[in-house]
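The following exercises concern salt bridges, burial and strand pairing. Each task is followed by a stepwise solution.

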Amino acid sequence: MADPTNHNQAGEVAPSTVDQQAPSVAEEHAPSTDSPEATDLPTANAPDPKAANPEDNPNAAKPAAASPKREKPAAAAETGEKPAAAAKTAKKEKAPSVEDKPFVEFIEQDYLPALQKAIAQQGVQDLQVSFAKQKVPITGFESAEECWQIIGSWKEKGQRQFNLYFPEEDIQGKKGFSCNEGKKPSTLESFLIDERKITLDLLVFGLVQRLDGQKWLGIN
């Protein structure tokens, strides 16, 4: 006779042997929890790669080195001027011209030698030139004050003489001219009155041209 304990109550199904063995099989093939397993999650003890202090965290990113600053040239730094401005200033500094000399010094050192040479090149061999402060030798100027004059003379077809007057003692100021042949001059002319700036070359050329106009030079 069958054991009543081996029979389930009505309506219940007895479990199969496969279901009874399932828990033990799952446990047998489950991974062990005793060995560590690699994971992508950061642990509490791992240093943060973005930590600011590289001494505490060797994985911290090092700051980029600062680029070196450019230094200004020594000359520009000391003077406070840009190189272009310094070059421009040096360019403006020019040596003074002969026309900037004192009046008497300019006439004696520069004008008289240049004038004698220019007139000699026109065929005059016995030119005598002097520079003096004296009365104007023209009728009607007896009461006028003395002024600086260049007096030139030579003998060719009679006595020829010219006077160049500087009443203001300045080559840029008013100038006069007179000439005669053995007689006292009667006319005082203005000289180079239309020129804005008088130079050594212009002063020489103007007088030679005036004497040539008098037909005293060359083949005249």
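**Exercise 1: Salt bridges**

The side chains of Glu-189 and Arg-210 meet in a salt bridge, with 2.8 Å from N to O; locate the two residues along the chain. The model is predicted, so local features need pLDDT of at least 70 and side-chain atom pairs count only at pLDDT 80 or more, while totals for chains, interfaces and linings use all residues. Residues are numbered from 1 along each chain as its sequence is written, and side-chain values use heavy atoms, with hydrogens and water left out.

Solution. Step 1: apply the criterion, a side-chain nitrogen of Lys or Arg within 4 Å of a carboxyl oxygen of Asp or Glu. Step 2: place Glu-189 in strand 5 and Arg-210 in helix 5 (residues 200-213), 21 residues apart. Helices (H or I, at least four residues) and strands (E, at least two) are DSSP runs, numbered from the N terminus.

**Exercise 2: Burial and pairing of strand 3**

Determine whether strand 3 is enclosed or open, and which strands pair with it.

Solution. Step 1: classify residues as buried (under 20% relative accessible area), exposed (over 50%) or partly exposed (in between), using a 1.4 Å probe and protein chains only. Step 2: 6 of the 8 residues of strand 3 (residues 159-166) are buried, so the strand is largely enclosed by the rest of the structure. Step 3: pairing requires at least two DSSP bridges between two strands. Strand 2 (residues 147-155) runs antiparallel to strand 3, joined by 8 bridges, and strand 4 (residues 176-180) pairs with strand 3 in the antiparallel sense over 5 bridges.
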